[in-house]
Amino acid sequence: MKLNIVCIPGDGIGPEIVSEAKKVLNKIAGVYGHEMNFQDVLMGGASIDAYGVPLTEETIAAAKAADAVLMGSIGGNTVTSPWYKLPPDKRPEAGLLGIRKALNLFANLRPAVLYEELADACPLKKEISSAGFDMMIMRELTGGLYFGERHTTQENGIRKAVDTLTYDENEIRRIAIKGFDIAMKRRKKVTSVDKANVLDSSRLWRKVVDEVAADYPEVSLEHMLVDNCAMQLVKDPAQFDVILTENMFGDILSDEASMVTGSIGMLASASLNDSKFGLYEPSHGSAPDIAGKGIANPIATILSAAMMLRYSFDLDREADAVEAAVKEILKKGYRTVDIMSEGCTQVSCGEMGDLLADEIR
């Protein structure tokens, strides 16, 4: 298969970690007989430095013409970087919002996996963490409270703010279909999270999800109120496979899930549109304080590349190989500095990339 991938190295450690992801993807191409075509483009602070804006029309056009986008990290130090003296719509993160809108990326995927070798980093009790967990939080990304009508007024001398939460059935249906499709590639369980005991939007959410579930008889569906889900994530995270939820709930729950893994340098993410197209990036930031030192952890970006193989190209075998390589290298005791523990061997960013690529045979 020919894979045309636009790469956005971005800022800070972004170029370093994207380089290691390319290394692993090229090894996959060699082993499994694919052709990888990479095109690097600028976005974020790097684009501001080169063109004066965080996102150019040329970058958008290149992304739209590609099969998928692999991104590093965007932004810098908000205290010292000159980028943050610019108006908000000219700062690095505005580029990220802009490309999500331009590519219609409405489905956000945030896996949260506890690797056995990193279980000591998990903040949960050992009797909970010992069961391990591997969940995918599917968050609707372009609707709900964050995108509804809002205004602030003053009534009888009292300030009043209004934010509107709206969803239509089509917005709900398309994210639900994505959630069930992904569950079919995993353990075939969906937990739909809402607040249907209070909110009309959640009651509609639940009805539409039930309708979509009828087309996926192999997938088991349960509904869970968001407050209960927040508790269950720290009480019994192993029960979850795919968590399907709206924008604000997903924003909060995905951050909670990432913290119980204890290792943000290991967390991938993806944002998909209504085709197979997606933008894949690590969940962590640009870490400008360690940029150029060769000590960044590339695993989250490499796992994001594995997600790209799985969800944009349906190359499940190849994605499995990347994920298996990560597990094997951790089992052998190799660590970057951020996940280093006693008795392990510390390696650089580049060395970690080499080890993972060599593990794919």
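Start inside: the largest cavity holds about 40 Å³ of space. Keep in mind as you click around that this is a predicted model. To see the walls of that cavity, select V113, L114, Y115, L118, T261, S263 and M266. Color them by class and you get 5 nonpolar and 2 polar residues, with no charged ones.

How many cavities of 30 Å³ or more does a search of the whole structure find? The count is 2, so hop over to the other one.

**Second stop: the second largest cavity**

This one encloses about 30 Å³. Select R110, P111, A112, I137, S254, A257, S258, L267 and S283 to show its lining. Strand β4 and helix α9 are the elements that each give two or more residues here. By class, the lining splits into 5 nonpolar, 3 polar and 1 charged.

**Third stop: S258**

Now pick out S258 from that lining and zoom in. Its home is helix α9, which covers residues 247-261. Is S258 buried or exposed? Its relative accessible area is 9%, and because the cut-off for buried is under 20%, S258 counts as buried. Turn on the backbone of D255 next: its oxygen sits 2.7 Å from a polar atom of the S258 side chain. Setting aside neighbours within four places in sequence, the contacts of S258 are R110 and L267. Both R110 and L267 also belong to the lining of the second largest cavity.

**Fourth stop: the largest pocket**

Stay with α9, but switch to the pockets. The largest pocket contains about 840 Å³ of space. Which element gives the most to its lining? That would be α9, with 6 residues. Strands β3 (68-73), β4 (107-113) and β12 (278-282), along with helices α4 (92-102) and α9, each supply at least two. For a view centred on the pocket, select L96, L97, R100, R139 and L141, which lie nearest its centre out of 32 lining residues. The class breakdown of this lining is 10 nonpolar, 13 polar and 9 charged.

**Fifth stop: the second largest pocket**

Here the volume is about 420 Å³. Among its 20 lining residues, select V113, D134, R186, R310 and E323, the closest to the centre. V113 should ring a bell, since it also lines the largest cavity. Helix α10 gives the most to this pocket, with 5 residues, while β4, β5 (134-140), α10 and α11 (316-331) each supply at least two. What does the lining look like by class? Expect 12 nonpolar and 8 charged residues, and no polar ones.

**Last stop: the nonpolar cores**

In soluble globular proteins, nonpolar side chains tend to be buried together. For the largest nonpolar core in this model, with 65 residues, select I5, L109, F180, L244, Y280, L309 and L356, which have the most contacts inside it. Helix α10 (residues 299-311) provides the largest share of this core, 9 residues. Apart from it lies another core of 19 residues, including M224, L233, F240 and A257. A257 is one you have already selected, in the lining of the second largest cavity.

Finish on I5. Leaving out neighbours within four places in sequence, its contacts are L25, M36, N37, F38, Q39, A68, L70, M308 and F313.

Technical notes:
Residues are numbered from 1 along each chain as its sequence is written. This is a predicted model: local features need pLDDT of at least 70, side-chain atom pairs count only at pLDDT 80 or more; totals for chains, interfaces and linings use all residues. Side-chain values use heavy atoms; hydrogens and water are left out. Helices (H or I, at least four residues) and strands (E, at least two) are DSSP runs, numbered from the N terminus. Buried means under 20% relative accessible area, exposed over 50%, partly exposed in between (1.4 Å probe, protein chains only). A polar contact is a pair of N or O atoms within 3.5 Å; within protein, one must be able to donate a hydrogen and the other to accept it, and residues adjacent in sequence count only if both atoms are side-chain atoms. Contact means heavy atoms within 4.5 Å. A nonpolar core is a set of buried Ala, Val, Leu, Ile, Met, Phe, Trp, Tyr and Cys residues joined through side-chain atoms within 4.5 Å. On a 1 Å grid over the protein atoms alone, a cavity is a set of points where a 1.4 Å probe fits but cannot get out, and a pocket is an open set with protein on both sides within 12 Å along at least five of seven lines; lining residues have an atom within 4 Å of a point. Grid points are joined across faces, edges and corners, and a volume is the space filled by probe spheres set on the points. Ala, Val, Leu, Ile, Met, Phe, Trp, Tyr, Cys and Pro count as nonpolar, Asp, Glu, Lys and Arg as charged, and the others, Gly among them, as polar.
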